[in-house]
Amino acid sequence: MQEKLIHVFYQDAADAATIREYLHSVERLDELVEIEETDTIQPSVSHAFYVNENRIHFLPDWLDKRPAVVFPSEIPFNKNNFLGAIFGLLGNEEKYPQHFTGFPAMLYAFDLMKSLSEGDETEGALEAILSRTNFDHAFENYSFNHNVAIALNYGHFSNEINADAIAAHYDDALQLAFEPSYKAFTLKYYATFLLDNGDPQKALQLLKQKTPVSLGDYAKFSLERVWCQATMKDIKVPYDEDQMIALKTRLWDTLQFFDQHHHKTIAAFLWMDVAHIANLCNSYAESIGYITKAAQYFKEEGQQEMTAQVQMMRGRLLYDWAQSGNPQFYRSALEAYQEALNIFTKDDTPEVFADIHHQLGVIYAELPDENKKRSIWAALSVTSFSEAFEYYNKADYPYQYSKICNDYGNAFSKFPSGAKSDHFEKALSYYHEALTIRSKEEYPTERALTLLNFLDASWRVGNPEEEFNEKRFFDMLAKATEIKELTTDEQLLAEADKHLQLLEELKTTFNKQVADA
C-alpha cells in the first residue's frame, strides 16, 4: 500500500468527522491524506499538521523534509484553512492561494515554502512577508523574523545578501521565541548559518548559550547534530583529547537516535561523519565500514547523487589507507571514484567530474605495478589530469589550478622513467606553474609544500654528467631558504634544513674536486 503524502492528526474524536467531511469535498483528496488520532505530537512525521481545540497547528520540521518556514500559531479550523493547508503542503500553487485570500500570513508562508523548495527567485515572497508590519500576537513577531532570516539565508536573490542582515533577523527571532521548541528550531538554523559562513567557534558558543534546557528528543538531537558538525570543523591538529572524546560520544549518541528511529537519510549523513572521525584517528577499517553503511542507506532512500558523493568519500578514505602502508587499497579507491563517475558526468556536473579526475590522476600515478603496466597507468594519469585542467583553468579557478599543477608535478615524479623523456623536468615545470599562483602573501603554507616538492625533484632531474649545475644550485638554495621564511611548521622546517645541508655538502664536495683537479 502506497504511503500517503500528508498526515493530519487530531485529539478530539469529534474533529474526525469534520476532517473527513472536508477531505471528501474534493474528489480523491482522501487518497493523499492520512488521518490519525494521537495523544501526543509526532515529530517523526514532517508533512503534517494537527487539529486541536478548533485550531490548526503546524509544528517545526526536525527532519529537513520541507523548508524551515514557521506558520502562524492561530489558524482557525475551518474548511477554507484546512483545504488550503492540504494544498499548500502538496505544493499545489493553483489551489492553495484561493483558500487564503483572507489570511495573508498563511499565503505568504506557503509562497515562501514553495519558492525555497523549487529554487525560484525569492524576492517576491520576501517582499510579501515584509509588507506585514502589524502583529496581533507575540508569536507572529517571532515567526516574521524567523521566516525573513530563512528567506535571506536560503533564498535566491538578484543581489548579494548581507550576512549581517541575516544574523540580525536570527538574533531577533531567538529573543522573541518564548516556546523552547521554536527557540531550538531557530537556533538550529542560526548555528548552521554561522557554520556555513566559516565560524564554527561562534556557532558552538551560540549553541552553548542559547540551547533550551528542556527539549524533546527530536529537537535535542537535531541541535546535537549541529554541535557535532561545528566541532568537526573546529578541531585542529594536534587534536584535543577531551574535545575528541566528547565529539565521538555525542556524535555516536546522535547517530543512534536517528538510526533507531529509521530516519535513514539523516543517519546516512551521520555515518559519513563518524567515518570521517575514524579516519582522522587512523582507524581505516572502521572508517570504511561506516562509509559503506552510509552508501547503503542513501541507496535504499533512492538518493543516487548522495550515493555517488559517498563513493567519492570512500575513494578518499581508501586512498588514505593505501598511503598509510597498505598499497593494496589503491585499486579499491580507483573503483570507488570510477563508480561515482556513473552519476557525476562531464555534461551534468563538470566541476565534480573534474574533481574526480583530479583524484584519479593522483591514484593512477601511485599504483604499484610492474614497470610495463605502470606506463599504462601513467598514460591514464595524464588523461585524468587533462580532464581536470579542462575545467579548472588558471584564469577562472587559480587556486584549484595551482593544486592540480602541484599534484601533476608529484605524478610526473612517480612515473616510470622513459628513454626519451625526463619526467622530473616536467615535474619542475608544473611546480613552477603552481608557484606563480601560490604566492608567499596569499598561500604561504601551500607555497612551502610546493617548494619542497620542487627541491625533491631537482635532486633527481637530469644533469650533464659530472658537471656542477651552478644555476640550479643557487635556485635550490634560494627555494630552501625561502621555506624557512614561510612557515613555523617544524616538519616543513626540518625538511628545508635537510635540503640546505645536502646543498652545502654538494658545494663542499664540488669545491674539493676542483681543488684536487
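How many helices and strands are there in the protein?

1. The protein, which is seen here as a predicted model, has 22 helices and 5 strands. The mean pLDDT of the protein is 94, and 97% of the residues score at least 70. Among the elements, helix α8 (residues 180-196) has the highest confidence, at a mean of 98, whereas helix α22 (residues 490-516) has the lowest, at 86. As a general caution for a new reader, predicted coordinates should not be read in detail where pLDDT is low.

2. On overall form, the C-alpha trace spans about 110 × 45 × 45 Å along its principal axes. The radius of gyration is 30 Å, while a compact globule of 517 residues would have a value near 24 Å. Of the contacts with a separation of 6 or more, 60% are between residues 24 or more positions apart.

3. As for the surface, the protein exposes about 26,500 Å², and carbon and sulfur atoms supply 48% of that area. Buried residues make up 48% of the 517 residues, a figure that concerns residues and should be kept apart from the share of surface area given just before.

4. The strands can be taken together, since the 5 strands form an open sheet with mixed pairing, in the order β2-β1-β3-β4-β5. At its edges stand β2 (33-37) and β5 (75-76), each of which pairs on one side only. Between β1 and β2 there are 5 bridges, and these two strands run parallel; within this pairing, Phe9 has Glu36 in β2 as its bridge partner.

5. Strand β3 (48-52) deserves a paragraph of its own. On one side, β3 pairs with strand β1 (residues 6-10) in the parallel sense over 4 bridges, and Tyr10 stands opposite Val51 of β3. With β4 (55-57), by contrast, β3 runs antiparallel and is joined by 3 bridges, and here Tyr50 is placed opposite His57 in β4. As to cover, 4 of the 5 residues of β3 are buried, and the strand is thus mostly covered.

6. Where β3 gives way to β4, the two strands form a hairpin with 2 residues between them. One residue to inspect in this turn is Glu53, which lies in the loop between β3 (48-52) and β4 (55-57) and has a positive phi of about 50 degrees although it is not a glycine. Is Glu53 buried or exposed? Glu53 counts as exposed, because its relative accessibility is 69% and the cut-off for exposed is over 50%.

7. A positive phi is also found at His262, where the angle is near 65 degrees in a residue other than glycine. His262 is placed in the loop between α11 and α12 (264-280), and His262 is exposed, with a relative accessible area of 65%.

8. The peptide bond that joins Val237 and Pro238 is cis, with omega about -5 degrees. Pro238 belongs to the loop between α10 (217-234) and α11 (241-260), and a reader checking the backbone may wish to look at this loop.

9. Within helix α10 one finds Val226, which is buried, with a relative accessible area of 3%. Which residues does Val226 touch, not counting those up to four places away in sequence? They are Lys188, Ala191, Thr192, Leu195 and Leu207. Pro200 lies 26 residues from Val226 along the chain, and the C-alpha atoms of the two are separated by 9.9 Å.

10. A polar residue closes this note: Asn453, in helix α20 (residues 444-460). Why does Asn453 count as buried? Asn453 has a relative accessible area of 18%, and buried means under 20%, so Asn453 falls on the buried side of the cut-off. Leaving aside residues up to four places away in sequence, Asn453 touches Asn406, Asn410 and Tyr431. With Asn406 there is a polar contact between the two side chains, at 3.0 Å.

Definitions and conventions:
Residues are numbered from 1 along each chain as its sequence is written. This is a predicted model: local features need pLDDT of at least 70, side-chain atom pairs count only at pLDDT 80 or more; totals for chains, interfaces and linings use all residues. Side-chain values use heavy atoms; hydrogens and water are left out. Buried means under 20% relative accessible area, exposed over 50%, partly exposed in between (1.4 Å probe, protein chains only). Two strands pair if DSSP finds at least two bridges between them. pLDDT is the predictor's confidence in each residue, from 0 to 100. A polar contact is a pair of N or O atoms within 3.5 Å; within protein, one must be able to donate a hydrogen and the other to accept it, and residues adjacent in sequence count only if both atoms are side-chain atoms. Contact means heavy atoms within 4.5 Å. The radius of gyration is taken over C-alpha atoms; the globule rule is 2.2 Å times the number of residues to the power 0.38. Accessible areas come from the Shrake-Rupley method with a 1.4 Å probe; for residues, only the protein chains shown count as cover.
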